[in-house]
Amino acid sequence: MNSPARRRFLGIVAASSALALTPGFLRRAQAAIAPTRWQGVALGADAELRLYHPDRQAAEQLIERALQELRRLEGVFSLYRDDSALSILNRQGYLTDPPSDLVRLLSESRHYAELTGGLFDPSVQPLWRVYADHFAQTDASPGGPAQNDIAQALQSVSYKRIEIDPQRIRLQPGMALTLNGIAQGYITDRVTDLFRNAGLERALVDMGEIRGLDSSANAEGWRVGLADPLSPDQILTQVPISNQALATSGGYGTPLDAAGQYSHLFDPHTGRARPLYRSVSVMASTATAADALSTAFSNMPLERTAALVHRLGVRAWMVLPDGRLIMQSTET
C-alpha cells in the first residue's frame, strides 16, 4: 500500500519555557541552548524532533537512536510496508510470536475501544478497502459505496473478535486491522521515553502527534497551533503544551474522494465515513491516549465527549461543521 499524502494538523508556534521564572544564571544557560532538530516522515506523516542539549554531538546521537526506534516500530505497525508485522497479520489472519509492541498496542487499542463504546476500533480496515475500491473507479458514484457493500464490510468489524496473546494474534476470516488511529501516538511516547531514560531534560517529539518533555519547574513548554480545517495553512487557535501530548484527527487530512466528503475516520457501528466534526484535538498525559481519543471523538456527540473529558481529565477541541470551535475540559 502506498502512503497517502497527509496534511498537517498541528504546528509548533514558539517555545516559551518559563525562563523568566528561573534564576538569572540558569536562565542565561538555558537560553544559550539552541535546539538540535531533525525533520522527516513517520508513518506517512511529517515528523520533527527538537532536543535541547548542551552537547550537540550527544543530541545528534540521541536523534539517531530515536530514528532507529522509529524504523523498528514502523516495521511493526506500518500498513505502507508489506513486510511489517501488521501487514503480515492482515494477509495471513494470524501471527505467531508477534512483536511485543504489537501485542501491547493491540491491548491498548482494546482498552480504548471499550472506553469509547467501540467508537475506537482497529478492525475498521475492511471499511477502508470498500471506500478506497469504490472511489478508485473512474465512474464512482459521489454518494459513496453501496449500502450492501458497507454492510458486508461491517460484518468483519469488531475489536472483540481480535484474539490477542503474547504467543499468537489471530483474526477471524475477512478481518483486517489498522493502527493508524493510535500508532503515531504510541511511537511518540516510545521516543519520549527513550529521551527521558537517557537523561534528557527538555525535548519536543512530533511523530504526527506531539508530546513535550520538560523537567524544569513551572515549565510552560511550547505553543502549538491547531490548523483551521477550512483554511489548513492558517492557525485556528494556539494551545500551550508542556509534559503533555496533543493529537488531532481531521477528515480533511486524508480524504477518500476527490470532493473531500469522505474520510478515513469511520464510524465502526454504521460504516459512515463522514465524521461529526471537521477536526478533533485532544490533550492528554500520553500521546497514545490523545491519538486514540481524538479518533473516537470524531464520531461521538458532544455530550458523550464531555462525559469522557471529565472522567479522564483530558482537554478536547472540536471544530464543528460550521467552523465554530468548541473546547471541553474539566473546568467547562
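A residue counts as buried when its relative accessible area is under 20%. By that criterion, 53% of the 332 residues of this chain are buried. The model on display is predicted.

**Whole chain**

Begin with a cartoon of the entire chain, in which nine helices and 14 strands can be picked out. Among contacts with a separation of 6 or more, 63% join residues 24 or more positions apart.

Next, colour the chain by pLDDT. The mean is 89, and 89% of the residues reach 70 or more. Select residues 1–8, where pLDDT is below 50; the model nevertheless gives this stretch 26 contacts beyond near neighbours in sequence. Then select residues 14–31, where pLDDT also stays under 50. This second stretch has 25 contacts beyond four places in sequence. Where pLDDT is low, the predicted coordinates should not be read in detail.

**The nonpolar cores**

Hide the two low-confidence stretches and turn to the interior. The largest nonpolar core comprises 66 residues. Show Leu 49, Phe 77, Leu 102, Leu 179, Phe 195, Met 207 and Phe 297 as sticks, since these have the most contacts inside that core. Helix α2, residues 56–77, supplies the largest share of the core, with nine residues.

Centre the view on Leu 102. Leaving aside residues up to four places away in sequence, Leu 102 touches Val 76, Phe 77, Ala 85, Leu 95, Ile 169 and Leu 179. A second core, separate from the 66-residue one, holds 12 residues. Select Val 124, Phe 135, Leu 256 and Phe 266, which are included in this second core.

**Helix α8 and its surroundings**

Move to α8, residues 287–297. How many of the residues of α8 are buried? The count is 11 of 11. The buried set includes the polar or charged residues Thr 288, Asp 291, Ser 294 and Thr 295, together with Ala 287 and Phe 297 at the ends of the helix. Phe 297 is also one of the residues with the most contacts inside the largest core.

From Ala 287, measure across to Glu 209: the two C-alpha atoms are 6.5 Å apart in space, although the residues are 78 apart in sequence. Glu 209 sits in the loop between β7 (202–206) and β8 (210–214). Its relative accessible area is 2%, so Glu 209 counts as buried.

Now step back to Ser 285, in the loop between β12 and α8. Is Ser 285 buried or exposed? Ser 285 is exposed, because its relative accessibility is 55% and the cut-off for exposed is over 50%. The C-alpha atom of Ser 285 is separated by 9.9 Å from that of Asp 189, a residue 96 positions away along the chain.

**The cavities**

Switch on a cavity display. The whole structure contains two cavities of 30 Å³ or more. The largest has a volume of about 60 Å³. To find it, select Leu 226, Ala 227, Ser 279, Ser 281 and Val 319, which lie nearest its centre among the 11 lining residues. Strands β9 (222–228), β10 (231–241), β12 (279–284) and β13 (315–319) each give two or more residues to this lining. By class, the lining has seven nonpolar and four polar residues, and no charged ones.

For the second largest cavity, with about 30 Å³ of space, select Leu 106, Ser 109, Arg 110, Pro 122, Tyr 159, Ile 162 and Ile 164. Helix α4, residues 100–115, provides the largest share of this lining, three residues. Five of the lining residues are nonpolar, one is polar and one is charged; the charged residue is Arg 110.

**Two backbone positions**

Finish with the backbone torsions. Most residues other than glycine have a negative phi. Select Asp 97, in the loop between β4 (94–96) and α4. Asp 97 has a positive phi of about 45°. With a relative accessibility of 63%, Asp 97 counts as exposed.

The last selection is Asn 243, in the loop between β10 and β11 (245–249). Phi of Asn 243 is also positive, near 55°. Which accessibility class does Asn 243 fall into? Asn 243 is partly exposed, because its relative accessibility is 37%.

Notes:
Residues are numbered from 1 along each chain as its sequence is written. This is a predicted model: local features need pLDDT of at least 70, side-chain atom pairs count only at pLDDT 80 or more; totals for chains, interfaces and linings use all residues. Side-chain values use heavy atoms; hydrogens and water are left out. On a 1 Å grid over the protein atoms alone, a cavity is a set of points where a 1.4 Å probe fits but cannot get out, and a pocket is an open set with protein on both sides within 12 Å along at least five of seven lines; lining residues have an atom within 4 Å of a point. Grid points are joined across faces, edges and corners, and a volume is the space filled by probe spheres set on the points. Helices (H or I, at least four residues) and strands (E, at least two) are DSSP runs, numbered from the N terminus. pLDDT is the predictor's confidence in each residue, from 0 to 100. Contact means heavy atoms within 4.5 Å. Buried means under 20% relative accessible area, exposed over 50%, partly exposed in between (1.4 Å probe, protein chains only). A nonpolar core is a set of buried Ala, Val, Leu, Ile, Met, Phe, Trp, Tyr and Cys residues joined through side-chain atoms within 4.5 Å.
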